[in-house]
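Biologist: I would like to learn how to read a model like this one, feature by feature. Please give the general idea each time, and then the case at hand.

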Amino acid sequence: MSTDTNQTIAVIKAVAAEIDRAERILFITGAGISADSDLPTYRGVGGLYQDQATEEGIRIEEALSAMMFAHRPALTWKYLWQIGAACHGAKPNRAHEVIALLQQHKPSIAVLTQNIDGLHRAAGTANLIEVHGHAFDLFCTRCRTQFSAADLIANYERQPELPPTCPQCGGGVRPDVVLFCERLPDEAVQAMMALSNPPPELVIAIGTSSTFPYIVGPVVQAGYLGIPTVEINPVDTSVSALVTYRLRLGAAEAMDKIWAYSSKSKPLLSKLGDVG
């Protein structure tokens, strides 16, 4: 067994021990946690394009901005549709599942996600803050009537005329996601603020590029307070040099191995050991 493999196993065991010890754990997740569900990794709501221009020759951030939606909603919807279609039909992977399993033993675990794909919801995650919204929740911008994507646009399976309109008042409909240059929802901001009172005992960042300050902030703050931190990401980010534990693995592989070493995955074995 190579030295690198031994070191990785040692880190996995250490992270599992930290999870066993802590009750208040904060998971921060980005697009990388959904990569094993065959979803493309994109920054926030930034789409499928990374730094490439759209067909119209503009940046995806401009196409998905509040200003563009106000003036050319059909163009914004074109790319919102592509994101929704990519998310449609995806299933939670082992990383989502393990977080939900841990919450069954530790109800104080909270999850702050940048993702709009709904996979944490589908896995049964509780205490969930979807800071950028949810692609399958829609609302009318005029009368504020709320819809599900299943009700109004067949869950992104068949593209209707874009932009869709409200059957109640004829107003424009949009997904309940945060577009570029829009404020975060007050509810999400308040929920994030509440995460520090009391502070978590462990912070784990999974599959996030750590670009947004409200994503980096909890990791940095934990470091100042002497709280252990973990990053799970195959590539380096702005917080890689700051964390206590660094795992250069995909999310599903890392969380599955952490679960295997966690005492919470072996309740029956623990009981048998006590009897013996």
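Biologist: How many strands form the open sheet with parallel pairing, and in what order do they come?

Modeller: Strands of a sheet pair through backbone hydrogen bonds, either parallel or antiparallel. This is a predicted model, and in it 6 strands make an open sheet with parallel pairing, ordered E3-E2-E1-E7-E8-E9. The edges are taken by strand E3 (128-130) and strand E9 (245-247), each of which has a single partner strand, so one side of each is left without a neighbour in the sheet. On average, neighbouring strands here are turned by 15° against each other, direction ignored.

Biologist: How many bridges join strand E1 to strand E7?

Modeller: Strand E1 (residues 25-29) and strand E7 (residues 202-206) run parallel and are joined by 5 bridges. To place one of the residues, take Ile-25, whose bridge partner in E7 is Leu-202.

Biologist: Which strands does helix H10 touch where it packs on that sheet?

Modeller: Helix H10 (residues 251-261) touches E1, E7, strand E8 (229-232) and E9. The direction of H10 makes about 135° with that of E8.

Biologist: What is the order of the strands in the antiparallel sheet?

Modeller: That open sheet has 3 strands, in the order E5-E4-E6, with antiparallel pairing. Strand E5 (146-148) and E6 are its edge strands, each pairing on one side only. The average turn between neighbouring strands of this sheet is 40°, direction ignored. Between E4 and E5 the antiparallel pairing runs over 3 bridges, and Asp-137 stands opposite Ser-148 in E5. H4 packs on this sheet, where it touches E4 and E6, and the direction of H4 makes about 55° with that of E6.

Biologist: Take a single residue in E4, His-134: is it buried or exposed?

Modeller: His-134 belongs to strand E4 (residues 133-140). With a relative accessible area of 8%, His-134 falls under the 20% cut-off, and therefore counts as buried. Beyond its neighbours within four places in sequence, His-134 is in contact with Ile-116, Gly-118, Arg-121, Asp-176 and Val-177.

Biologist: How many cavities of 30 Å³ or more are counted?

Modeller: Rolling a probe the size of a water molecule over the atoms shows where empty space is left. Here the count is 1 cavity of 30 Å³ or more. The volume of the largest cavity is about 30 Å³.

Biologist: Which residues line the largest cavity?

Modeller: The lining consists of Leu-80, Ile-83, Gly-84, Ile-116, Ala-135, Tyr-156, Pro-175 and Val-177. Helix H4 (73-87) and strand E6 (173-177) each supply at least two residues of this lining. H4 provides the largest share, 3 residues. Two of the residues named here, Ile-116 and Val-177, also appeared among the contacts of His-134.

Biologist: Now the backbone. Where is a cis peptide bond found next to Pro-163, and what is its omega?

Modeller: A cis peptide bond joins Leu-162 and Pro-163, with omega about 0°. Pro-163 sits in the loop between helix H7 (149-153) and E6. Asn-197 and Pro-198 are also joined by a cis peptide bond, again with omega about 0°. Pro-198 is in the loop between helix H8 (186-194) and E7.

Biologist: What is the phi of Asn-127?

Modeller: Asn-127 is not a glycine, yet its phi is positive, about 50°. The residue lies in the loop between helix H6 (119-123) and E3. At 42% relative accessibility, Asn-127 counts as partly exposed. Ala-154 is another residue other than glycine with a positive phi, near 55°, and Ala-154 is in the loop between H7 and E6.

Biologist: Last, the confidence. What is the average pLDDT of the protein?

Modeller: The average pLDDT is 89, and 90% of the residues score at least 70. Where pLDDT is low, the predicted coordinates should not be read in detail. Over residues 43-48 the pLDDT stays under 50, and the model has 24 contacts beyond four places in sequence for them. Residues 268-276 also have a pLDDT below 50, but this stretch has 0 contacts in the model beyond near neighbours in sequence.

Terms used: Residues are numbered from 1 along each chain as its sequence is written. This is a predicted model: local features need pLDDT of at least 70, side-chain atom pairs count only at pLDDT 80 or more; totals for chains, interfaces and linings use all residues. Side-chain values use heavy atoms; hydrogens and water are left out. pLDDT is the predictor's confidence in each residue, from 0 to 100. Contact means heavy atoms within 4.5 Å. Two strands pair if DSSP finds at least two bridges between them. Helices (H or I, at least four residues) and strands (E, at least two) are DSSP runs, numbered from the N terminus. Axes are lines fitted to C-alpha atoms, for helices over the stretch in contact, and angles run from 0 to 180 degrees between N-to-C directions. Buried means under 20% relative accessible area, exposed over 50%, partly exposed in between (1.4 Å probe, protein chains only). On a 1 Å grid over the protein atoms alone, a cavity is a set of points where a 1.4 Å probe fits but cannot get out, and a pocket is an open set with protein on both sides within 12 Å along at least five of seven lines; lining residues have an atom within 4 Å of a point. Grid points are joined across faces, edges and corners, and a volume is the space filled by probe spheres set on the points.
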